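Q: I should like to learn how to read the main features of a protein model. Could we begin with a single residue and then widen the view?

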Amino acid sequence: MKWRKKFLIGLLFSLGLIFSSLTINKKDLKDTSGEMITKIIPDNLIVEADVTPYRTPTSDPVILLFIWLTSGYNLQPENQYTYINNPKTLYTDSGRSVLDALLSLIATPHYIWYQSTDGQTWTQMTQTTKELTVTLTKVGTVYYQQMTRWYGLLPGLLDTTVYSKVAFITTFPSPIKATDLTVKADSKYLYNNQSSAMTTYVTGIPTPVDATGELKWKIDDTSLATVDTNTGLVTANTSGKSGTVRVTGTMTNSDGTSVSDYVDIRIGGGLDDQTVDEGKPATFEVQGKFDQPPTNVVWHKVDKSNKDTVVTNNNSNKLIYTIPNTSYSTDDGTKYYAVLTVTSGDSTTTVTTNKANLTVKKNVVPNVTVDNTIFNNSHNDHNDSNTIINGVSKNDQVSYKINLNDSNVNSAMTKADLKLELPGSSNISEVKVNGQSYSDYNSVSASDKQTLTIKNLNFTGIKTFTLEVNLTIDDNSKSSFASKAIVTGYDASGNTISNYSADNKFRG
């Protein structure tokens with residue numbers, strides 16, 4: 001009985017510890033001085049019910065490239081982790097829509113910060129700066145929200161007001177060291193050819209997420225873009241210079257150690273030059289991040305004579321234009337660009353991309369066909385395709401007719417030799433090329449066959465040849481013969497390109 005009593009007491013004690021642990025995770029804690037400390041939760045685990053904002057945060061703005069369609073925050077204050085007496089700064093950035101800006105051109109932004117120690121009750125702070133720097137002296141979590149209000153000489157008249165999302169700063173008794181860092185960019189492409197500079201933000205996520213180090217930013221080529229060392233705001237140049245920049249984030253721990261990571265961002269005019277092989281499709285795609293698609297996209301083609309023509313786009317995605325079958329003669333050296341129309345309320349704005357070059361690499365691969373037929377002019381016994389003759393006797397007059405064609409007008413083949421296997425018991429009486437007697441050939445006999453080589457067929461001006469070989473059959477000791485035509489092509493330097501052939505049967 002005693003051991004049962006001890007077992008029950010131990011079980012109840014263990015259950016009590018478990019219950020206490022669960023309670024600690026669900027409720028607010030208090031330090032020894034009785035001050036309220038809310039639970040510490042990473043950014044992606046904040047539950048809306050846990051914190052009641054001072055005001056409902058404004059929806060994220062809709063931005064098309066650099067054009068604001070709605071007002072809001074493009075840089076929200078980020079959750080921060082620190083330790084006692086170590087200052088932390090919350091950075092924000094916000095903007096007005098095109099329509100809001102037009103309604104009040106002279107309005108300027110004014111900032112108010114609110115804070116809460118319990119996520120429920122809020123007080124207005126005295127700081128009225130865009131960024132907020134605080135130095136906390138107690139362990140715990142404090143919540144913050146910012147209001148930005150644009151007004152001019154008469155506040156309340158055509159004001160634009162936006163509220164940020166809630167961010168917290170959690171203070172630990174001592175520093176927490178970052179062991180890794182992951183860097184990301186909101187957009188990996190920025191335009192360099194617009195009247196207003198295009199921007200994006202880079203962010204860094206440390207491991208562990210509650211590391212208390214300081215995050216700073218740098219960029220490798222300031223002629224392409226700049227970066228704000230504190231906020232990670234990347235701003236592209238407006239001079240049209242294109243390339244790729246590397247933005248590096250470094251989090252430095254309190255002990256002087258650091259972790260880094262980087263992200264590459266392309267800077268350009270919206271379209272990339274394309275180089276394709278002749279006959280292949282070429283595709284142009286408008287680059288950049290779009291919160292919503294443009295209301296209209298018109299594609300233009302500029303030909304080699306600088307004539308500008310609107311072209312029909314059959315793609316379902318209007319930000320993509322494809323030339324399905326490129327031609328060297330008509331497409332090489334042309335340019336393409338797109339004009340994007342953005343409508344917001346009563347205002348309409350257009351964005352024009354750069355003119356991207358299309359380079360079509362000439363297809364110089366020969367497209368050779370060899371068609372070989374055989375005729376017995378003395379004895380009419382052949383198959384339907386004139387590829388086989390039968391019943392051949394001595395003194396029969398036999399003709400070979402070969403049609404040779406290179407259908408690629410840009411072919412690298414400038415010259416060709418044709419070899420034709422003939423019966424060994426035959427005498428060549430005449431060779432014709434395109435109906436004219438041709439003398440540049442030789443014949444080599446070996447065993448029961450001979451090889452006729454017709455040399456130096458010039459393909460620089462003519463792409464189609466009709467060749468005819470007439471011969472007389474001598475003693476025919478074999479019942480069948482095999483005949484084979486082989487064409488060897490050469491380029492302008494005399495290098496062999498390839499061999500092409502057509503096989504036919506010669507039967508006795």
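A: We may begin with Leu 102, which is part of helix H2, spanning residues 98-103. Please bear in mind that the model is predicted.

Q: Is Leu 102 buried or exposed?

A: A residue is called exposed when its relative accessible area is over 50%. Leu 102 has a relative accessibility of 52%, and therefore counts as exposed.

Q: Which residues form a nonpolar patch on the surface with Leu 102?

A: The patch joins Leu 102 with Leu 99, Leu 103, Leu 105, Ile 106, Leu 153, Leu 154, Leu 157 and Leu 158. Together these residues have about 990 Å² of accessible area.

Q: How is the protein chain as a whole to be described?

A: The protein chain has three helices and 40 strands. Of its 508 residues, 40% are buried. The chain exposes about 26,600 Å², of which carbon and sulfur atoms supply 50%. Among contacts with a separation of 6 or more, 67% are between residues 24 or more positions apart.

Q: In what order do the five strands of the open sheet lie?

A: The order is S31-S32-S38-S34-S35, with antiparallel pairing. Strands S31 (368-376) and S35 (436-437) stand at the edges; each has a single partner strand, so one side of each lacks a neighbour in the sheet.

Q: How many bridges join strand S32 and strand S38?

A: Nine bridges pair S32 (residues 397-406) with S38 (residues 464-473) in the antiparallel sense. As one instance of bridge partners, Lys 401 is matched with Glu 468 in S38.

Terms used: Residues numbered from 1 in each chain as written. Predicted model: local features only at pLDDT ≥ 70, side-chain atom pairs only at ≥ 80, totals over all residues. Heavy atoms only, no water. Patch = residues over 30% accessible without salt bridge, like charges linked within 9 Å, V, L, I, M, F, W, Y side chains within 5 Å. Areas by Shrake-Rupley, 256 points an atom, 1.4 Å probe, with all protein chains shown as cover. Salt bridge = Lys/Arg side-chain N within 4 Å of Asp/Glu carboxyl O. Helix = DSSP H or I, 4+ residues; strand = E, 2+ residues; numbered from the N terminus. Buried < 20%, exposed > 50% of the residue type's maximum accessible area, 1.4 Å probe, protein only. Contact = heavy atoms within 4.5 Å. Pairing = 2+ DSSP bridges.
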